[in-house]
Amino acid sequence: MSEKIFGYAGQILRIDLSKKKILKESLRKDFIKKYIGCTGYAAAILWYELKPKIDPLSPENKIIFSTGPLTGTLCPCSGSYEICFKSPLTNAFGESRSGGIFGPKMKYAGFDHIIIEGKSDKPVYIWINNGEVEIKDAQHLYGKTVHETTEIILEEIKEPEASIACIGPAGEKLVRFAAVMNDRDRAAGRCGGGAIMGSKNLKAIAINGEKDIEIANPEKFYEFVTEAEKALLKKTALRRFGTINAITVLNAMGALPTKYGYTGFFERAEDVSSERLLSKYLIKRRACFACPIGCGRYSEVKHGIWATPPHEGPEFETADMLGPWIYLSNLEAIIKANYLCNNYGLDTISAGNVIAFAIECYEKGWIKEDLVKGIKLEWNNPETMIELIKLIAKRERIGDLLAEGVMRAAEKIGYGAPELALHTKGLEMPAHDPRGETKIMAIKYAVEYRGGCHVHSGFPGLYDRSPESLNDYGLKQFGLPWPPKGKFIEEGKGIAYRFFAIFGQIPEIMGMCQFASMGSEGNMITAKDYANIYSSLTGIEMNEYDLMKIGERVYNLKRCFNVREGFNRKDDKLPKRMYEPIATGPVKGEYVKNLDLMLNEFYEAMGWDIETGIPTFKKLKELGLEDVAEELKKI
């Protein structure tokens, strides 16, 4: 590797809030070689610097804001940054992605990663401007919403072009699924990063910069990213209708999670569809930095009891989790709920999950009246949903219980609640039901390092969704079983998922949106495309096989982080409801039949011990992770 680092900013900013100490460090070239950047680099930092078994909400935890080499470049869909930490929701490796402009601003300010350590003795925010860093008082911001905080800071720093990542009241109150919000309505929503910031008395990071990103071979880079953009422009449905289009698509399949997983069919789906949003509430589309797709929605409700000012959303996950999951079809109330979650700084997926969970627990008599105190815990009640969102964000009354997340709330409620709770490893399940959509989502939910997640590492749901599927994600050349056997056939799903798990790391370590990495050659960015783009950007020659090997290394490192925290095969499981038949709709009767079969296949394909689900010494040595293997031997 040459001395000059192209494509990267070249520096890490490390801030110890306990000591008010600010350090600038050079990027490690050995880490670039092994992990590329973004979540790969951050995973290495957390592995080597974080003590095992710490309390995630203690000063010992770190939260790392990370970009990849492609972040902030002309590569399409390169507006991402990710935050990495030990999750207060799962006690496992936590990572959460967001778009907007914050990631590119980090690079332009001169930093690839920002590591936050310790805990401030009072609320503060950090102002980073072209490499200059200040820690500023934020006591006047305590209790402010995300939008209020953003406007006040922009006024104070007198820099309208700055990007603000901040927490709302939910993060201050340490709600375990609090989000980090940036650019007002963009969310690094999952795993509780907002609670980590709250635990450190860090209200916000404001950032701006104008530094250039140097490119090793500009002509080649421009050629490759132009071809990538042409490919992504073919995603016409996603561009026109946004992710919320999945409401009607999945409902037609019988795979739209409804009434807390009771069924996959919602008879009032049209009321919460993209067409309804488009016809009555959509102002315009929104796009993140350098995104030719523009899947974001910008909407409002002008009049009535659910009147809501213009803001971003709702996306598919939000529309379903705050709609059909609660058996609710009032789109105006969903838009209002989305706005409140954004402003309080709540993950809409987890929020919808715990609200539906509470309703079903109450229906079964497991939650008593003295806890509810007058709230009508019932399906299809928009007033209840709005009230619960406010109570959760403020940790008041029953909201304090639900703010712990569904796993901990279920343990406290008792009765049959722990078996009812829809989560894996403590992370609330999102709006994709493996019973009706495709069984590859079942093995994904079970083994993923951050828990019940549909999109990290990658979204494999398009692989075999239909018999005519052409969505090989460019993975046939690496051995992906092809053609798919069928979405309800479980045999072989563990083998297939190995390729998605590894490939899914590539956009994450590059600093890219996952939407660019789904489909088939010609309408997505494949591993080969990434290799070409990365090589021309950095001058570091790499082919698609090299890149897949790095993806495998990073995926294994994140798994090892969890193993060190005590996770193994016993934690790779699904909620009881996934083994129960879907009650109604086109795929009535479908359920997960043999997770053990898929687990065995996946572990064997990954080179992990089948009995424990732990990466073997041989596999880790093959990946250049001998020191990681040695540490695991001590457990």
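This is a short talk on helix contacts, cavities and some backbone details in one predicted model.

Ground rules before the details. Local features need pLDDT of at least 70, side-chain atom pairs count only at pLDDT 80 or more, and totals for chains, interfaces and linings use all residues. Residues are numbered from 1 along each chain as its sequence is written, and side-chain values use heavy atoms, with hydrogens and water left out.

Helix pairs, then. Helices (H or I, at least four residues) and strands (E, at least two) are DSSP runs, numbered from the N terminus. Axes are lines fitted to C-alpha atoms, for helices over the stretch in contact, and angles run from 0 to 180 degrees between N-to-C directions.

Take H12, residues 331–344, and H15, residues 382–394. Their axes come within 10 Å. At what angle do H12 and H15 cross? Roughly 5°. That makes H12 roughly parallel to H15. The cut-offs for that label: angles under 35 degrees are roughly parallel, over 145 roughly antiparallel, 65 to 115 roughly perpendicular, and the rest oblique. Which residues touch? On H12, they are Ala333, Ile334, Lys336, Ala337, Leu340, Cys341 and Tyr344. On H15, they are Pro382, Met385, Ile386, Ile389, Lys390, Ala393 and Lys394. Contact here means heavy atoms within 4.5 Å. By class, that is 11 nonpolar, no polar and three charged residues. Ala, Val, Leu, Ile, Met, Phe, Trp, Tyr, Cys and Pro count as nonpolar, Asp, Glu, Lys and Arg as charged, and the others, Gly among them, as polar.

Next pair: H2, residues 38–49, and H23, residues 544–564. The axes come within 10 Å and cross at roughly 30°. H2 and H23 are therefore roughly parallel to each other. Their crossing is left-handed. Left-handed says the near helix is turned anticlockwise from the far one by less than a right angle; right-handed is clockwise. H2 brings Thr39, Gly40, Ala43, Ala44, Leu46 and Trp47 to the contact. H23 brings Val554, Leu557, Lys558, Cys560, Phe561 and Arg564. The split is eight nonpolar, two polar and two charged.

Third pair: H19, residues 440–447, and H20, residues 493–503. These axes come within 9 Å, crossing at roughly 65°. H19 passes H20 in a right-handed crossing. From H19, the contact uses Ile440, Ile443, Lys444 and Val447. From H20, it uses Lys493, Gly494, Ala496, Tyr497 and Phe500. Six of these residues are nonpolar, one is polar and two are charged.

Now the loop between H19 and H20. Ser457 is found there. The peptide bond from His456 to Ser457 is cis, with omega near 5°. Pro483 lies in that loop too. A cis bond joins Trp482 and Pro483, with omega about 0°.

On to cavities. The search runs on a 1 Å grid over the protein atoms alone; a cavity is a set of points where a 1.4 Å probe fits but cannot get out, and lining residues have an atom within 4 Å of a point. Points are joined across faces, edges and corners, and a volume is the space filled by probe spheres set on them. How many cavities of 30 Å³ or more are there? Three.

The largest has a volume of about 50 Å³. Ser457 and Phe500 are back, in its lining. The others there are Gly458, Phe459, Pro460, Tyr473, Phe503, Gly504, Gln514, Ser517 and Met518. That lining is six nonpolar, five polar and no charged.

The second largest holds about 40 Å³. Its lining is Pro257, Gly261, Trp325, Leu422, Met429, Pro430, Asp433 and Met578. Here the classes are six nonpolar, one polar and one charged.

Last, two backbone flags. Tyr260 is not a glycine, yet its phi is positive, about 55°. Tyr260 lies in the loop between H9 (246–253) and H10 (274–280). Asn201, also not a glycine, has a positive phi of about 60°. Asn201 sits in the loop between H6 (193–199) and strand E12 (202–208).

Key
On a 1 Å grid over the protein atoms alone, a cavity is a set of points where a 1.4 Å probe fits but cannot get out, and a pocket is an open set with protein on both sides within 12 Å along at least five of seven lines; lining residues have an atom within 4 Å of a point.
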